[in-house]
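Trainee: I should like to learn how to read a structural model feature by feature. May we take one case and work through it together?

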Amino acid sequence: MTSVVAVALCAWMASMLSACGAYSDSCWEALACAPDPEPPPDPCEGEPGSAPALDECGVFVSASSGDDGSPGTKDAPVKTLQRAIGLATRNEGEP
């Protein structure tokens, strides 16, 4: 029943607009569409021992020179792991 209605609707639309089946999409017809572009590489990917130590890749901790009031960057690390975990899980700078 549904296919009969669809065919009748298409025939009616064709008579009204003569556009039923006139849509052309060369990409679809050729079945050779260009692939989606590759996303940019993540600067934080790689082995921890060889990847760059970038501020956006984590929270830095230094028990000797850190301060829990700091943002946890390479130049201003936090002092405790508790504060680092809090910054990493909430992604915020408030204690």
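Mentor: Let us begin with one residue. Val61 is partly exposed, with a relative accessible area of 36%. Please bear in mind throughout that this is a predicted model.

Trainee: Why does Val61 count as partly exposed?

Mentor: Buried means under 20% relative accessible area and exposed means over 50%, with partly exposed in between. Val61 has 36%, so it belongs to the class in between. As to its place in the chain, Val61 lies in the loop between helix H2 (26-30) and helix H3 (81-90).

Trainee: Which residues form a nonpolar patch on the surface?

Mentor: A residue enters a patch only with over 30% relative accessible area and no salt bridge, and nonpolar side chains are joined within 5 Å. Here the patch consists of Val61, Leu81 and Ile85, which together have about 290 Å² of accessible area. Ile85 is found in helix H3, and it is exposed, at a relative accessible area of 53%. Between the C-alpha atoms of Ile85 and Val59 there are 8.1 Å in space, while 26 residues separate the two in sequence.

Trainee: How much confidence does the predictor place in the protein chain, and which element has the lowest mean pLDDT?

Mentor: Where pLDDT is low, the predicted coordinates should not be read in detail. For the protein chain, the mean pLDDT is 75, and 61% of the residues reach 70 or more. Among the elements, helix H1 (residues 2-17) has the lowest mean, 52, and H3 has the highest, 91.

Trainee: How many helices and strands are there in the protein chain?

Mentor: The protein chain has three helices and zero strands, and along the sequence the pattern reads α-α-α. One may then ask how the chain is packed as a whole. Of the 95 residues in the protein chain, 11% are buried. Among contacts between residues at least 6 apart in sequence, 5% join residues at least 24 apart. The chain exposes about 7700 Å², and 61% of that area is supplied by carbon and sulfur atoms.

Trainee: Which cysteines form a disulfide, and how far apart are their sulfur atoms?

Mentor: The test is a pair of cysteine sulfur atoms within 2.5 Å. Cys44 and Cys57 form a disulfide, with 2.0 Å between their sulfur atoms. By this rule the count is one disulfide. The link of Cys44 and Cys57 is left-handed, with -90° about the S-S bond. The pair links distant parts of the chain, 13 residues apart, with Cys44 in the loop between H2 and H3 and Cys57 in the loop between H2 and H3.

Trainee: Into which accessibility class does Cys44 fall, and into which does Cys57?

Mentor: Cys44 is partly exposed, at a relative accessible area of 29%. Cys57 is also partly exposed, at 32%.

Trainee: Let us turn to other residues of the loop. Is Ser70 buried or exposed, and what is it in contact with?

Mentor: Ser70, found in the loop between H2 and H3, is buried because its relative accessible area of 14% falls under 20%. Leaving aside neighbours within four places in sequence, Ser70 is in contact with Ala76, Pro77, Val78, Arg83 and Leu87. One of these, Val78, lies in the loop between H2 and H3 as well. Val78 counts as buried, at 0% relative accessibility. Its C-alpha atom is separated by 7.8 Å from that of Val59, 19 residues apart along the chain.

Trainee: What does Ala53 touch, and where is it found?

Mentor: Ala53 is found in the loop between H2 and H3, and at 41% relative accessibility it counts as partly exposed. Not counting residues up to four places away in sequence, Ala53 touches Phe60 and Lys74. The C-alpha atoms of Ala53 and Pro43 are separated by 9.6 Å, the two residues being ten apart along the chain.

Key:
Residues numbered from 1 in each chain as written. Predicted model: local features only at pLDDT ≥ 70, side-chain atom pairs only at ≥ 80, totals over all residues. Heavy atoms only, no water. Patch = residues over 30% accessible without salt bridge, like charges linked within 9 Å, V, L, I, M, F, W, Y side chains within 5 Å. Areas by Shrake-Rupley, 256 points an atom, 1.4 Å probe, with all protein chains shown as cover. Salt bridge = Lys/Arg side-chain N within 4 Å of Asp/Glu carboxyl O. Helix = DSSP H or I, 4+ residues; strand = E, 2+ residues; numbered from the N terminus. Buried < 20%, exposed > 50% of the residue type's maximum accessible area, 1.4 Å probe, protein only. pLDDT = per-residue confidence, 0-100. Contact = heavy atoms within 4.5 Å.
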